[in-house]
Amino acid sequence: MKLDLSISKLIELIHGIPSSKLNDGVVQQVIYDTRRIIEADACVFFALKGVHADGHQFIADAYQKGVRIFVVSESILTENYHDARFIQVADTLQALMDLAFYFRKRLKGKVGLISGKIGKTSTKEWLYHVLSPEFSVSRSPKSYNSTLGIALSLLEAKPNADFVLIEVKVHSELNPKVINELIQPHFGILTKSISYSQQLYETYLTDLFANCESVFLLENDFNLSLPQTNLVTVKAFQTENNFTNDGKRMNVALVAAVAQYVGLSDRLISEKLKKLPELALRLETFEGKNGNFVIVDLYNLDLEVFRSSLEYQMAIAGDKKRAVILGNSRESMNQDKLYDLVHSFHPDYSYFLNEGDAFDDNLKDTIILIKGNSTKKMLRIANQLKEKRHNTELRINLESLRKNIATYRKQLPEKTKLMVMLKASGYGSGVDKIAQFITGFGVDYFGVAFVDEGVAIRNVGITKPILVMNAESENYEACINYQLEPAIFDFEQLDDFISECIYQGVEHYPIHLKIDTGMNRLGFRTDEITRVLEMIQSQPEVRIKSVYSHLVEADNLNDLEFTRHQIEIFRKLVEIIKKSVNYSVEQHILNSSGIENFPHTGFSMARLGIGMYGISSNPKFQLQLEPVISWYSTISQLKCVKTGQSIGYSRSHICKKDTLVATIPVGYADGLRRSLSNGVGFLSVKGRTCPIVGRVCMDMVMIDVTGIPVKVGDEVEIIGQNCSLNDFAALCNTIPYEVMTSISQRVQKIYIA
Ligand SMILES: *Cc1c(COP(=O)(O)O)cnc(C)c1O
């Protein structure tokens, strides 16, 4: 939020004395901590005296970072800072409060003060959800426990909002009278407040909520003696909705009461309550080896979440055995309750693992629930339980991958950054391993499709920035926890993400704007960009790290007109963005074929995908690339089939001569398409091509190896020297992208360095 305040007005408001005659100018932002200086332009630094530090000691640092206006309460040797301006006041914190008070008075809407013990933030966020978009609502980004924080939140509130919500902690260092005078709330909300000393607390609250028109609180919670105030007491909701926890049911009831008070209809309120954002659940399931089925719940050690996982396990187990593997964690205070909860479900086996314990039981035909904080160890155990097959391998040649990346790098101007796209699990090649391998050679950024792919990259210790193209709102929390940077392509998403940042107290979080320049898929329309910029600039929570768009047919060598057109639209848009934000923003539009055919567009970054696997639609460029992917299996069985006999399902192949048939353990469930049946496709053995005979089955395929000296266990090539990825895609009537991404995860990946 920009302050747009003239320096002369600032001086007047804080009763300051300027150190010398000042030219007037404008201040936009208040800074009190030099570590948070991002743009020093138009910042005013308040030298506050805290318990641990005195802001006056950081003036040199602030000056060095470019700040030129200072509010101080001590005398400063101004000759060290010849072009800086100092405004002298008696008390810098009081000066800041005076400033905040001026901004408070300017607010046009009603101000709500939210306090209490449990669920203030969710109450505030829910209220925001329920009141929007019927009303414009501005809410404090954090829960403040200092007068300073509250003053800053008033500076950041939107002056024209219908409602301004400010959350205040109950804190011994806060003077409730001072806060009340500063905020001057129209209404108050008191969330669930057990376990405070009743009497002390009542005095405190009476001061905090003084002069409110209305205060909303829970039935039987407190007696506030506020004779002028309309006290609205509310009962916890007893509904069928998904709020299983008492505290939440109470706070939802408060939200509903406030919504009624401001005039929303009951119907609208009840519709909106159904859609309140809930805690994200992270529950994964997969088929394990030895007939096991595995449920992985690594969200956190919250008892409610764990209970629902145990219930789920119970529900799907039927008469199968159940096992629970619980990872101990040092931080958890709930350990005993977790044990009790596990025992109350009477699993057949339970394991409580400490840090460093291995898990080596041989469970069979069991429904296994793995629970723990999202530690690497628990993920390793989950991985260990996964079904693996060793006879079919996808080989990924890392050296060729490295060379291909270098080839694309060379094609681009030296300064251009490179983002490597690892969506769809690295085009099927395995996101974490590939990321680990290529992080060394000149890759600046990673791009993934979903949050879990980003998490997989973080879990192998990679710290490079990661763009997530489709971060869903239920994963925003994980997004922030793992430092993943979401692409934003519509307003609702922007708003949701900002809420999550507020929830977590995060500021200047990097986001990427996706613009639609012709794909007509995801992205803001170009005419929406002004509104997007306005929204982002009024929120300190997020910053535009990059803006990007995607080319529709950069591989169409016959007609590059549309691509040029897209690039021009994008270029104009980049100019608009550059003009309206005063920090640098990366720009990128080129994919692999874009890099091949338009390397000199001058944008700051490019996104490499399929090209690094050695695939290009430009025949000249293709010559510079090396194949990366190959796919092999082995012969399971050999059989002589007599003339006239049939092979496989539906007898679709009848042998015209005596035939040596090899059965290979790879089928359409692995990604070997059924359309390759009956001679459309072939596999190669000992350098010779062998047509597929009969139909491709789910897990197997038969080939004709007549006349080739083979034995069981010999290697069979599906994609490799005899059939390139491009050729194989052509046989399947599709593109290499689809082939790569439809090779099943059950095919084991082997990385060849
Ligand atoms: C997949 C993808 C890329 C990479 O495309 P390739 O054609 O594989 O180079 C680049 N940008 C976006 C937005 C993508 O989705």
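Which residue is the bridge partner of alanine 662 in strand 35? The first view answers this.

**View 1. Three strands, 29, 32 and 35, form an open sheet.** In strand 35, alanine 662 has isoleucine 703 as its bridge partner. This is a predicted model, in which local features need pLDDT of at least 70, side-chain atom pairs count only at pLDDT 80 or more, and totals for chains, interfaces and linings use all residues. Residues are numbered from 1 along each chain as its sequence is written, and side-chain values use heavy atoms, with hydrogens and water left out. The strand order is 29-32-35, and the pairing is antiparallel. Strands (E, at least two residues) and helices (H or I, at least four) are DSSP runs, numbered from the N terminus. Two strands pair if DSSP finds at least two bridges between them. Strand 29 (637-641) and strand 35 (701-704) are the edge strands, and each pairs on one side only. On average, neighbouring strands of this sheet are turned by 30° against each other, direction ignored. Axes here are lines fitted to C-alpha atoms, for helices over the stretch in contact, and angles run from 0 to 180 degrees between N-to-C directions. Strand 32 (residues 659-664) is joined to strand 35 by four bridges.

**View 2. Strand 16 (residues 321-327) is mostly covered.** Six of its seven residues are buried. Buried means under 20% relative accessible area, exposed over 50%, and partly exposed in between (1.4 Å probe, protein chains only). Strand 16 runs parallel to strand 18 (residues 366-371), and six bridges join the two. Lysine 321 stands opposite threonine 366 of strand 18. Strand 17 (residues 349-353) also runs parallel to strand 16, joined by five bridges. Here leucine 326 stands opposite phenylalanine 352.

**View 3. Five strands make an open sheet with mixed pairing.** The order is 2-7-6-5-4. Strand 2 (17-18) and strand 4 (29-31) stand at the edges; each has a single partner strand, so one side of each lacks a neighbour in the sheet. Strand 6 (residues 69-72) and strand 7 (residues 85-88) run parallel, joined by four bridges. Phenylalanine 70 has phenylalanine 86 of strand 7 as its bridge partner. Helix 3 (residues 92-106) lies across strand 4, strand 5 (43-46) and strand 6. Its direction is at about 135° to strand 5.

**View 4. Helix 19 (residues 529-537) has buried and exposed residues.** Ile529, Val532, Leu533 and Ile536 are buried. These four cover an arc of only 95° around the axis, so they sit on the same side of helix 19. The arc is that of the directions from the helix axis to the C-beta atoms. An α-helix has 3.6 residues a turn, so residues three or four places apart point the same way. Exposed Thr530 and Glu534 are on the face turned away from the buried side. The buried residues pack against helix 18 (491-504), strand 24 (509-514), strand 25 (542-548) and helix 20 (561-580). Contact means heavy atoms within 4.5 Å.

**View 5. Cysteine 690 and cysteine 732 are in no disulfide.** A disulfide is a pair of cysteine sulfur atoms within 2.5 Å. The count comes to zero disulfides by this rule. For cysteine 690, the nearest cysteine sulfur is that of cysteine 723, 12 Å away. Cysteine 690 is buried, at 0% relative accessibility. For cysteine 732, the nearest cysteine sulfur is also that of cysteine 723, 8.3 Å away. Cysteine 732 is buried too, with a relative accessible area of 3%.
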